[in-house]
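Here are some notes for anyone opening this structure for the first time. Keep the view beside you and take the points in order.

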Amino acid sequence: MSRSEKIIITPELLDHLSELAKMKLSEEEKRLFLKDLNRILDYFSIIDEVDASNIEPAFHILGLSNVMREDEINGDSLTQDEALSNAPQKEEGYIKAPRMV
């Protein structure tokens, strides 16, 4: 479909789309959806007229990269024995926990 072709949601197309979406629409809802969906498509046709060939795609509007700090060890850390000292069950230097299935 070329950019110049205008898409129009017909009552038949709306019935098909609502069936695919498993939506049951009343006649009033169908009338409102037809009007709203066609207005939305009109807005997209206006956007399609903009020449964006010289604009680089952006995946995030702020251009941020990783904003988290680097992991650093500050101060003394626990030894393995200290870390296991309050564990209810231990086995071979690890905390023993119930088997999860």
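The points below go from the overall picture to single residues.

1. First, a word on what you are looking at: this is a predicted model. Please read every value below with that in mind.

2. Let's start with the parts list. The protein has 3 helices and 2 strands. Starting at the N terminus, the order is α-α-α-β-β, so you can follow the chain through its helices and then into its strands, by the DSSP runs used here.

3. Now the overall dimensions. How does the radius of gyration of the protein stand against that of a compact globule of 101 residues? Such a globule would come out near 13 Å, while the protein has 30 Å. Along the principal axes, the C-alpha trace spans about 70 × 45 × 25 Å. Turn the model around and you can look at each of those directions in turn.

4. Next, burial and surface. Just 8% of the 101 residues count as buried. The exposed surface of the protein is about 10,200 Å², and carbon and sulfur atoms supply 56% of that. As for contacts with a separation of 6 or more, 34% of them are between residues 24 or more positions apart.

5. A quick look at charge. The protein carries 12 positive and 21 negative charges, and the mean positions of the two sets are 9 Å apart.

6. Two buried residues deserve a visit, and Ser-18 is a good place to begin. You'll find Ser-18 in helix H1, which covers residues 11–20. Is Ser-18 buried or exposed? Its relative accessible area is 8%, so Ser-18 counts as buried, the limit being under 20%. Setting aside neighbours within four places in sequence, the contacts of Ser-18 are Met-23 and Leu-25.

7. The other one is Leu-34, which sits in helix H2. Leu-34 has 18% relative accessibility and is buried because that value falls under the 20% limit. Which residues does Leu-34 touch once neighbours within four places in sequence are left aside? They are Ile-9, Thr-10, Pro-11 and Leu-14. With Ile-9 you can also check the backbone: the two C-alpha atoms are separated by 6.4 Å, although Leu-34 and Ile-9 are 25 residues apart along the chain.

8. On to the salt bridges. How many does a search of the whole structure find? The count is 4. One of them brings together the side chains of Lys-30 and Asp-15, at 3.1 Å from N to O. This pair links distant parts of the chain, with Lys-30 in helix H2 and Asp-15 in helix H1, 15 residues apart. Asp-15 is partly exposed, at 33% relative accessibility.

9. Stay with Lys-30 for a moment, as its side chain also meets that of Glu-27 in a salt bridge, at 3.6 Å from N to O. Here both residues lie in helix H2, 3 residues apart, which is about one turn of the helix. Glu-27 is exposed, with a relative accessible area of 60%.

10. Further along, Lys-96 and Glu-91 form a salt bridge through their side chains, at 3.3 Å from N to O. Lys-96 is partly exposed, with a relative accessible area of 42%, and Glu-91 is partly exposed at 42% too. As for how salt bridges join up, Asp-15, Glu-27 and Lys-30 belong to one network through shared partners.

11. Finally, two backbone details to check by eye. Lys-22 has a phi near 60°, a positive value in a residue other than glycine. Where is Lys-22? It is in the loop between H1 and helix H2, the latter covering residues 27–48. Lys-22 is exposed because its relative accessibility of 73% is over the 50% limit.

12. Glu-92 has a positive phi as well, near 50°, and is a residue other than glycine. Look for Glu-92 in the loop between strand S1 (90–91) and strand S2 (94–95). Is Glu-92 buried or exposed? At 73% relative accessibility, Glu-92 counts as exposed.

How values were computed: Residues are numbered from 1 along each chain as its sequence is written. This is a predicted model: local features need pLDDT of at least 70, side-chain atom pairs count only at pLDDT 80 or more; totals for chains, interfaces and linings use all residues. Side-chain values use heavy atoms; hydrogens and water are left out. Helices (H or I, at least four residues) and strands (E, at least two) are DSSP runs, numbered from the N terminus. The radius of gyration is taken over C-alpha atoms; the globule rule is 2.2 Å times the number of residues to the power 0.38. Buried means under 20% relative accessible area, exposed over 50%, partly exposed in between (1.4 Å probe, protein chains only). Contact means heavy atoms within 4.5 Å. Accessible areas come from the Shrake-Rupley method with a 1.4 Å probe; for residues, only the protein chains shown count as cover. Lys and Arg count as positive and Asp and Glu as negative; His and the chain ends are not counted. The place of a charge is taken as NZ of Lys, CZ of Arg, CG of Asp or CD of Glu.
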